[in-house]
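Notebook open, viewer loaded. I'm jotting down what I look up as I go.

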Amino acid sequence: VTAGGPRLALIAVLVAAIAFLPEGCGNRGEPAAARPELTVVAAASLTEAFERGAGEFEPARVRLSLGGSDELAAQVRRGVAADIYAAANTELPEGLHREELVERPVVFATNTLVLAVPRRSAIGSVDDLEQPGTRLVVGSPSVPVGAYTRKVLGRLGPERARRILANVRSEEPDVRGVVAKLAERAADAGFVYRTDVLSAAGRLRAVALPARLGPRTSLAAAVGRRSQRPGLARAFVRGLVAGRGARALRDAGFGPPPER
Amino acid sequence: VRRGLAFRALLGTALAVALVFLTLPLVAIFVDVGPGELVQSLGEPAAAEALWLTVRTSVIAILIIVLVGSPAAYLLATRSFRGRAAVVTLVELPLVLPPAVAGIALLAALGPQGLLGGMVAGTGVELVFETAGVVVALTFVAAPFFLSQAQAAFSAVDRTLIDASRTLGAGEAATFLRVVVPAALPGLASGLALAWGRALGEFGATLIFAGSLAGVTRTAPLAIYAFLATDLSAALALAAVLVAVSGALLLSIKLTAGRGAALTAWRRVA
């Protein structure tokens, strides 16, 4: 036997131990097997609220997958078995509903599009964005934050919108990309949701947009048609409207859904 | 005899499993798209633009990597000095870095607020949101692939060849260019191919450091991601093209380098 033998064996044992460690080890206690699982795919802007809300949803263990709403919708179309699809707008879930991939969407919260700037920035209003050389970062047109941004800018009139959009230096796949560019001060300004500025913990400052530009946004969630536990999934969505999920959303700065 | 047979069967099975696992997803892309759609999507300006940007930036990155990396790897391969092992580990570190981390690290180093941000701004060069930033990201993630391969290739060059060249009066630089590099060519070429492949597929570091804007920083992998939500078939078609382009590039490098090395070796003998 060479000297390498025992050492190799030890490494093999260690690797096997890591690979086959009981699943619960990395989690915060709780026997995993007893509780059913819900897979929630949610917009990146919901990251903080859902991570808290998911932990507090008692009936099931919630697995979160976060990303751009558009990209998640594409995954659902591709057959990803999501129990719940929660988007940063209402159009994408409605589209999936028309394609009979999800149940009827429920508006569960509202948010507000803001102009975000690094904390010590001279930019004070949308007007400043027309200045040539301003490094502006927005969401790509397919992701809700990018679509809202273009809609809001469009209300400034085509001339001004064109001047501002000429300063766009990057189209990010989701809000996290915009926030990161601003937090690193690689960009001068960007359009994100109010809640993103709140969760950026003081690194960013929000410049409110005039109400006439219609910066209010609605978020909708829907239960996947292929969900194995539609009852539980519907309970999760109800909780987002009124329940612990709703409380986590309010804490993160989301507004209540409009009264109907 | 029977034990040998069983072992060979095991080897064959392992190779078959590896082959199927590694090629099936690529085959699936081509099955999914279909040749007609593939050609059509290539005509789409956004796709063509992204591909062209990918080729341009990756070629520049590879040139930088080879020009700086070859002498650096030669030094590491042929000299022993204190801290050599540490240096080797450090230059290979980006190999194991997640691309997203590489992007953040580049921002922290070369971004406007980064360690050397002032210096970069002082030279008048802009990296973030610019094509030059894409080149920086590609160079950072791809260089270690070339460095480690080149080092191995240089170490494998026969010392007697180098000594003979020196004895015959060639200087160290001439020996490096005319003896060592040709002898190490197959290894250098495979390092180049690996690094190029990595650069062609780079996504995370580019997105985080350089951003994503059509024609400026949106390389093919970023365009695939951008298409993913709006036009899946366009994304798949672009992916298929990227696979084909990368495959063709890598294959041609391997073939020409292999032949070139054989040729120089034959000439030396003759």
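I started at A:Ser218, which sits in strand E9 (residues 216-223) of chain A. Note to self: this is a predicted model.

Is A:Ser218 buried or exposed? Neither: I get a relative accessible area of 24% for A:Ser218, and since buried needs under 20% and exposed over 50%, A:Ser218 is partly exposed because 24% falls in between.

Next I pulled the neighbours of A:Ser218, skipping residues up to four places away in sequence. The list has A:Ala88, A:Asn89 and A:Thr90, then A:Val107, A:Ala109 and A:Thr110, and finally A:Tyr148. I checked one of these pairs by C-alpha: A:Ala109 is 109 residues from A:Ser218 in sequence, yet 6.1 Å away in space.

Then I moved to helix H3 of chain A, residues 69-77. How many of the nine residues of H3 are buried? Seven, so I noted the helix as mostly covered, going by the under 20% cut-off. The buried ones are A:Ser69, A:Asp70, A:Glu71, A:Leu72, A:Ala73, A:Ala74 and A:Val76.

What covers them? From chain A I found strands E1 (37-43), E2 (61-67) and E3 (84-87), along with helices H4 (91-98) and H5 (144-154). Chain B joins in too, with its helix H11 (220-230). Just after H3(A), I logged a positive phi of about 100° at A:Gly79.

That chain B helix sent me to the interface. I have 22 residues of chain B in contact with 18 residues of chain A. The area buried between the two chains is about 1,800 Å², and carbon and sulfur atoms give 59% of that. The rule finds two salt bridges across this interface. I looked up B:Arg218 with A:Glu171, whose side chains meet in a salt bridge at 3.1 Å, N to O.

Last, some whole-chain numbers for chain A. I have 10 helices and nine strands, and a C-alpha trace spanning about 75 × 55 × 30 Å along its principal axes. Of the 260 residues in chain A, 51% are buried. For contacts with a separation of 6 or more, 76% come from residues 24 or more positions apart. The accessible surface of chain A is about 12,700 Å², with 55% belonging to carbon and sulfur atoms. I also checked the charges: chain A has 37 positive and 27 negative ones, and their mean positions are 1 Å apart.

Notes. Residues numbered from 1 in each chain as written. Chains lettered and ligands numbered in written order. Predicted model: local features only at pLDDT ≥ 70, side-chain atom pairs only at ≥ 80, totals over all residues. Heavy atoms only, no water. Helix = DSSP H or I, 4+ residues; strand = E, 2+ residues; numbered from the N terminus. Buried < 20%, exposed > 50% of the residue type's maximum accessible area, 1.4 Å probe, protein only. Contact = heavy atoms within 4.5 Å. Areas by Shrake-Rupley, 256 points an atom, 1.4 Å probe, with all protein chains shown as cover. Lys, Arg positive; Asp, Glu negative; His and termini not counted. Charge placed at Lys NZ, Arg CZ, Asp CG, Glu CD. Buried area = accessible area lost by both parts, 1.4 Å probe. Salt bridge = Lys/Arg side-chain N within 4 Å of Asp/Glu carboxyl O.
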